[in-house]
Each structure stands twice: as C-alpha cells, then as structure tokens.
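Here are my notes on the model you sent. Please read them with the coordinates open.

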Amino acid sequence: MYIGISSSQHTYIYTMTEPTRQEAIYTAIAHIPEGKVATYGQIAKLAGFPRGARLVGQALRQLPAKSTIPWHRVINAQGQLSFPKASAKYHEQYARLQAEDVAFNGGKINLTQFQWDI
DNA sequence: CGTCTGGCCCATC
DNA sequence: GGATGGGCCAGAC
C-alpha cells in the first residue's frame, strides 16, 4: 500500500518509492479466482518478475496472518503444495482448496484443469 | 565483497 | 516416476 502526500502540483510523495515487489505479488495473488490455482512462477511473471518465483515464496512467508488474500491458491509448478505433507500449513491449504472444489489426485492438482489461465 | 538459503522453475538425463 | 545442474532474486550472515 502506498502512503502518499499530494502537493500542489499533483505530484505524490510516497514513503516507498515504488510499488513494492510484495505489493505487486499480493495484488496478482488477489486476482486468482476462487476454484483456480496459480503457480509461483505464474504469479511472479504477472507481478513483473519473470524469473522471480522465489520472491513469491518469500512474500507469502511474510504474509500477515490477518491478510485476506487467497495465499492457498498458490502452488508449485508440479501441482503440489509447497509445504511438508505433515505440516499444519499443508493441511490448511489443502482444506481451503478442497472447500473450493479444487481436486487432489494423489496429492497433486491437475494444472491443466485448475490452473488459472489469464 | 563471498556464500548460503528459500513455500521455485526449467531442461535434461 | 526420480535426480541433477543451472538459473533466478533478495536477505542474512
């Protein structure tokens, strides 16, 4: 989010120079429709970082708990959740996706069926 | 500066 | 299916 101060010339001074990578990434994720998933690489590209898949992971790791963006719709390019299978996070993501009728087959999501195509 | 580590990706074998 | 190696970018030493 920008914090801006307007001047008489209609220019703006921001506390952060530009949309942060994080913001661009969060915005992209926010656009994933319900019942669809996107890969880290896909989000990175959308946010303007063609090879920045890891940035997406980093951004999501720092996501505030109160945030409402659909982080659970971001999965890896293999169609799997990028959490250890035994972890609470894995189960939460799994449950949220299933609640949106995203199907798992042997722990994997069929990307040709469920990937968000822009 | 260098090196390692991440909710990764891709090509290749 | 799996393993490996290169690439990517930002942070943390």
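The points below go from the overall fold to the helix packing and then to the two DNA strands.

1. Status and fold. This is a predicted model. Chain A has five helices and four strands. Read from the N terminus, the order of elements is β-β-α-β-α-α-β-α-α.

2. Burial and contact range. Chain A has 118 residues, and 35% of them are buried. Take the contacts in chain A with a separation of 6 or more: 55% of these come from residues 24 or more positions apart.

3. Helix 1 against helix 3. How do the axes of helix 1 (residues 21-30) and helix 3 (residues 53-61) cross? They cross at roughly 90 degrees, and the axes come within 10 Å. Angles of 65 to 115 degrees count as roughly perpendicular, and helix 1 and helix 3 are therefore roughly perpendicular to each other. On the helix 1 side, the contact uses Arg-21, Gln-22, Ile-25, Tyr-26 and Ile-29. Helix 3 answers with Leu-55, Val-56, Ala-59 and Leu-60. By class, this contact holds seven nonpolar residues, one polar and one charged.

4. DNA strand C. Which residues lie around DNA strand C? They are Arg-21, Arg-51, Arg-54, Leu-55 and Gln-58. Of the strand C atoms within 4 Å of the protein, 80% belong to sugar and phosphate. By class, this surface has three charged residues, one polar and one nonpolar. Helix 3 gives the most to it, with three residues. An N or O atom in the Arg-21 side chain sits 3.2 Å from a phosphate oxygen of DNA strand C. Arg-21 also belongs to the contact of helix 1 with helix 3.

5. DNA strand B, surface. There are 15 residues around DNA strand B; Tyr-40, Arg-54, Arg-61, Ala-77 and Phe-83 come nearest. Seven of the surface residues are nonpolar, six polar and two charged. Sugar or phosphate supplies 41% of the strand B atoms within 4 Å of the protein, and bases supply the rest.

6. DNA strand B, polar contacts. Check three distances. A polar side-chain atom of Tyr-40 is 2.4 Å from a base nitrogen of DNA strand B. Val-74 places a backbone N or O atom 3.2 Å from a base nitrogen of DNA strand B. Ala-77 has a polar backbone atom 2.9 Å from a phosphate oxygen of DNA strand B. The elements that give two or more residues to this surface are helix 2 (40-46) and helix 3.

7. Helix 3 overall. Helix 3 gives the most to the surface near DNA strand B, with five residues. Helix 3 also gives the most to the surface near DNA strand C.

How values were computed
Residues numbered from 1 in each chain as written. Chains lettered and ligands numbered in written order. Predicted model: local features only at pLDDT ≥ 70, side-chain atom pairs only at ≥ 80, totals over all residues. Heavy atoms only, no water. Axes fitted to C-alpha atoms, helices over the stretch in contact; angles between N-to-C directions. Parallel < 35°, antiparallel > 145°, perpendicular 65-115°, else oblique. Contact = heavy atoms within 4.5 Å. Nonpolar A, V, L, I, M, F, W, Y, C, P; charged D, E, K, R; others polar. Near = heavy atom within 4 Å. Polar contact = N/O pair within 3.5 Å; in protein donor to acceptor, adjacent residues only side chain to side chain. Buried < 20%, exposed > 50% of the residue type's maximum accessible area, 1.4 Å probe, protein only.
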